[in-house]
Every structure is written in structure tokens, then in C-alpha cells.
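Work through the following exercises with the sequence and the coordinates open side by side. Each task is followed by a solution that proceeds step by step.

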Amino acid sequence: MSLLRNWFFVQTAAINPSAQGVEFDEEVMGRLIRFVSSHEVGHTLGLPHNMGSSVAYPVDSLRSASFTKKYGTAPSIMDYARFNYIAQPGDEGVALMPDIGVYDKYAIKWGYKPILDKSAKEEKPVLDQWILEHAGDPLYRFGHQQVGDIVNPSSQTEDLGDNAIKASEYGIANLKRIVPKLIE
Ligand SMILES: [Zn+2]
């Protein structure tokens with residue numbers, strides 16, 4: 001609960017009145033817990049982290065209310081995409097939390113959808129075809145979690161959008177708005 005509170009505060013308070021305090025409304029905390037539990041239920045269903053998911057979205061699309069309401073802030077809840085620290089003052093109505101996304105639904109379908117009247121061996125080409133249907137589409141991309149040496153910049157934790165430098169500049173601009181008001 002404290003971790004969620006701290007993340008949501010640091011990452012969104014610059015533009016989010018519901019995160020501008022020490023204690024959040026129950027409604028907000030409930031939504032935050034739903035975000036984490038969705039991710040953890042993903043693990044119980046067999047999904048690993050997908051750190052290559054959030055790179056699918058252009059940084060500036062994450063400032064758009066219509067885009068983020070339709071697509072969330074990353075195509076997978078299994079990324080460590082955190083909250084939308086890219087959104088700037090004036091980006092009215094922009095979504096701030098990751099959600100269960102296109103990749104998650106696709107991965108669950110791949111793992112669980114019954115393929116009737118086929119042996120396990122006969123299922124293989126069908127499953128391969130489901131992957132090939134989306135080959136090259138960044139929404140369906142998987143990126144391994146990197147531990148130790150980070151060699152793939154498009155598969156990082158804590159990043160958002162397709163340009164980590166640009167995204168971080170927006171994030172730092174928000175921190176500069178938050179820090180002078182910490183005591184208040
Ligand atoms: Zn996890």
C-alpha cells in the first residue's frame with residue numbers, strides 16, 4: 001500500500017489532484033490495488049514479465065486522453081510500466097494507470113483457448129500461426145526481463161513509451177513541479 005501510494009504520488013501528483021496528499025481516497029487506493037493484483041494474477045496464470053511491451057507506444061501518445069483511454073499506457077499489465085509520468089499539466093483526461101492490454105489477452109488466448117479435436121502435437125502449428133499473425137506488430141511484442149547488464153534499451157523496467165530519454169525529460173519536468181510543493 002505504501003509503495004503504491006509513493007509511486008502514484010511521485011509519478012502523477014504534478015497533474016493529478018487525487019495524488020496530491022499523504023493519504024489517498026479509498027476509491028483511488030482500490031484502483032491502485034486493482035492494478036497490482038491484475039499483474040499478480042497474470043503471474044498466477046503463467047505470464048512472465050514483458051518488459052518489452054511499453055516501448056510499443058509513442059511517448060507523445062501517452063499525453064493524449066483519447067489514445068490512453070483506448071489503449072492504456074502499455075499493451076501489457078506484465079511490464080513494469082508504472083504510472084503515466086509523461087502526462088504534463090494541461091493533458092486533460094489522460095489515463096494514468098496501466099491496464100490489462102492487448103498483449104495480455106493475446107497471451108492468455110495462446111495459453112488457454114481450447115483447440116478442439118486436435119492432439120497436443122497437432123495443436124503446435126495452430127499455436128505457431130497465432131503468433132505469426134501478429135509478427136512485427138509492436139503491440140504483441142515480448143521483451144525479456146534483463147537482470148544485471150541491461151543490453152536491450154527497449155526492454156527496460158520503469159520506462160514508458162518508445163523513447164526513454166524523451167519520456168524521462170517529461171518525468172523530470174513533473175518532479176520539478178512536485179518537489180517545491182512537498183511540504184505543502
Ligand atoms: Zn511481476
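**Exercise 1. The nonpolar cores**

Task: In this predicted model, determine how many residues the largest nonpolar core has and which residues have the most contacts inside it.

Solution: The largest nonpolar core has 23 residues, and those with the most contacts inside it are F8, F24, L32, F35, F83 and M97. Turning next to the elements, those that give two or more residues to this core are α1 (2–12), α2 (26–44) and α4 (102–112), and of these it is α2 that gives the most, with 4 residues. M97 can then be examined individually: leaving aside residues up to four places away in sequence, M97 touches F8, R31, L32, F35, T73 and F83. Finally, a second core, separate from the largest one, has 12 residues, among them A81, I86, L160 and Y170.

**Exercise 2. The zinc site**

Task: Identify the protein donors of the zinc ion, state the spacing that they follow along the chain, and decide whether H43 is buried, partly exposed or exposed.

Solution: Begin with the donor atoms, which are NE2 of H39, NE2 of H43 and NE2 of H49, lying 2.0 to 2.1 Å from the zinc ion. Read along the chain, these donors follow the spacing H-x3-H-x5-H. For the accessibility step, the cut-offs are under 20% for buried and over 50% for exposed, with partly exposed in between. H43 has a relative accessibility of 29% and therefore counts as partly exposed, whereas H49, at 13%, counts as buried.

**Exercise 3. The surroundings of D91**

Task: Locate D91 relative to the helices, and establish which side chain its own side chain contacts and which backbone nitrogen it reaches.

Solution: D91 is placed in the loop between α3 (65–71) and α4. Its relative accessible area is 14%, so D91 is buried. Following the side chain of D91 outward, one finds a polar contact with the side chain of R63 at 2.7 Å, and the side chain of D91 also reaches the backbone nitrogen of Q88, at 2.7 Å.

**Exercise 4. The packing of α4 and α5**

Task: Work out at roughly what angle the axes of α4 and α5 cross, and which residues make the contact.

Solution: The axes of α4 and of helix α5 (residues 120–132) come within 10 Å and cross at roughly 170°. Because angles over 145 degrees count as roughly antiparallel, α4 is roughly antiparallel to α5. The contact is made by Y106, K109 and W110 on the α4 side, and by L127, W130 and I131 on the α5 side.

How values were computed: Residues numbered from 1 in each chain as written. Predicted model: local features only at pLDDT ≥ 70, side-chain atom pairs only at ≥ 80, totals over all residues. Heavy atoms only, no water. Core = buried A, V, L, I, M, F, W, Y, C linked by side-chain atoms within 4.5 Å. Buried < 20%, exposed > 50% of the residue type's maximum accessible area, 1.4 Å probe, protein only. Contact = heavy atoms within 4.5 Å. Donors = N, O, S within 2.8 Å, 3.2 Å for Na, K, Ca; no water. Polar contact = N/O pair within 3.5 Å; in protein donor to acceptor, adjacent residues only side chain to side chain. Axes fitted to C-alpha atoms, helices over the stretch in contact; angles between N-to-C directions. Parallel < 35°, antiparallel > 145°, perpendicular 65-115°, else oblique.
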